[in-house]
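Good morning, and thank you for making time on the agenda. I would like to take you through one structure, moving from the overall layout to a few individual residues.

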Amino acid sequence: MIAGWWLVIAALGGMLLGAGASAAVLRRRARSRGAELVHLEALLQRRVDQVNALSHELRTPISMIKGAVDLLREGTPGPLTPAQERFLHVAGHQCTQVIALCESLLIQAKIEAGLFTPQPEKLDVSVVVRDVVAAMRALCEQRGQRITLDTPQVMPWIPGDPMLLTQALTNLLSNASRFTTPGGSIDVRVMAIDTGVAIYVTDDGAGMTRAERERLFQRFATGRPLADGTGLGLVITKTIVELHGGEIMVHTASTRGTTFLLTLPGQP
């Protein structure tokens, strides 16, 4: 009988020792995971700092070059020949592209590091869309493109960060303009839906194949192998929409144009 009790006590002791050892292992793992998280956060912060420094170092000289190009194009130093005007137009366009790339890299790095989060407020999305379309008209007219906007008279108020949503919509319209041929059209439509708001951006460009569609939201991949752009704009747009609890969908077919659909949730 005594021997039996000793066996029970020994078994219980073994279980306690095993539990203690398991707890010690779990504590070590927790400390290790905590150290890894701290290390990863430091790496993310360092990456943001590096991108911020690089962005600043690139934007400053490029902005100065663009300022000089704009002055030359205005004819301030003197009249230009048609050939000089063409060269300066190319230079100015490329400067704008580099400045936009710097901004996109910085925004994406901040979002990934958790340093760029929405600051929602009650807003009428149709007002944001109208402002973006108005800002894009000059670029579209320069390319001989028509841009139309269809919004209802009354829209529900939804929570959203106006600055981030402006960035997302600007990226979408810039993308649509890039893939629409001169003389083509871009249609923007805003609708109230059961869950909130839907925004459609449709171009009548060449559309995309299935393979191009699959690469659409990858960094440094554009809808076309030789397309102008880095693909970062659509990556950032998707991230911004998802930060708002919304979705982005694409309907496209080769030679038949492309439609992007954004849905944003309404008031909870």
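I shall begin with the chain as a whole, then turn to the helices, and finish with selected residues.

Please keep in mind throughout that this is a predicted model. The protein chain holds six helices and seven strands. Read from the N terminus, the order of elements is α-α-β-α-β-β-α-β-β-α-α-β-β. Of the 268 residues in the protein chain, 34% are buried. As for the contacts with a separation of 6 or more, 70% of them join residues 24 or more positions apart.

Let me turn to helix H4, which covers residues 162–179. Does its length fit what one expects of its residue count, and what are the two figures to set side by side? At 1.5 Å a residue, its 18 residues should span 26 Å, and the end C-alpha atoms are indeed 26 Å apart, so expectation and model agree. At the N-terminal end, Asp-161 acts as the cap of H4, with a side-chain oxygen 3.0 Å from the backbone nitrogen of Met-163. The buried residues of H4 include Leu-164, Leu-165, Ala-168, Leu-169, Leu-172, Leu-173 and Phe-179. Asn-171, Asn-175 and Ser-177 are also among the buried residues of this helix.

What does H4 pack against? One partner is helix H3, residues 125–142: the two axes lie 10 Å apart and meet at an angle of about 35°. The crossing of H3 and H4 is right-handed. On the H3 side, the contact is made by Val-128, Val-129, Val-132, Val-133, Met-136, Leu-139 and Cys-140. From H4 come Pro-162, Leu-165, Thr-166, Leu-169, Thr-170, Leu-173, Ser-174 and Ser-177. Sorted by class, eleven of these residues are nonpolar, four are polar and none is charged.

I stay with H4 for one residue, Asn-175. Is Asn-175 buried or exposed? Its relative accessibility is 7%, and it therefore counts as buried, the limit being under 20%. Beyond its neighbours within four places in sequence, Asn-175 is in contact with Leu-234 and Phe-260.

Leu-234 brings us to helix H6, residues 232–243, where that leucine is located. Leu-234 has a relative accessible area of 7% and is therefore buried as well. Leu-216 lies 18 residues from Leu-234 in sequence, and their C-alpha atoms are 7.6 Å apart. For H6 itself, twelve residues at 1.5 Å each should give a span of 16 Å, and its end C-alpha atoms are 16 Å apart, which agrees. This helix is mostly covered, with nine of its twelve residues buried. Among those buried residues are Gly-233, Val-235, Ile-236, Ile-240 and Val-241. After H6 comes Gly-245, which has a positive phi, near 80°.

Next, strand E7, residues 258–265, where we find Leu-264. The relative accessible area of Leu-264 is 4%, so this residue is buried. Which residues does Leu-264 touch, if those up to four places away in sequence are not counted? They are Val-125, Ile-158, Leu-165, Thr-195, Gly-196, Val-197, Ile-199, Val-241, His-244 and Gly-246. Two of these names have come up already: Leu-165 is a buried residue of H4, and Val-241 is a buried residue of H6. Leu-264 is also 71 residues along the chain from Ile-193, with a C-alpha separation of 9.5 Å.

To close, I take two exposed positions. Pro-182 sits in the loop between H4 and strand E4, the latter being residues 185–193. With 71% relative accessibility, Pro-182 counts as exposed, because the cut-off is over 50%. Leaving out neighbours within four places in sequence, Pro-182 is in contact with Arg-143 and Gly-144. Cys-140, which is 42 residues away along the chain, has its C-alpha atom 8.8 Å from that of Pro-182. The second position is Glu-141, in helix H3. Its relative accessibility is 60%, and Glu-141 therefore counts as exposed. Glu-141 and Pro-182 are 41 residues apart in sequence, yet 9.2 Å apart from C-alpha to C-alpha.

That concludes my presentation, and I welcome your comments.

Key
Residues numbered from 1 in each chain as written. Heavy atoms only, no water. Helix = DSSP H or I, 4+ residues; strand = E, 2+ residues; numbered from the N terminus. Expected span 1.5 Å × (residues − 1). Buried < 20%, exposed > 50% of the residue type's maximum accessible area, 1.4 Å probe, protein only. Polar contact = N/O pair within 3.5 Å; in protein donor to acceptor, adjacent residues only side chain to side chain. Contact = heavy atoms within 4.5 Å. Axes fitted to C-alpha atoms, helices over the stretch in contact; angles between N-to-C directions. Left-handed = near helix turned anticlockwise from the far one by under 90°. Nonpolar A, V, L, I, M, F, W, Y, C, P; charged D, E, K, R; others polar.
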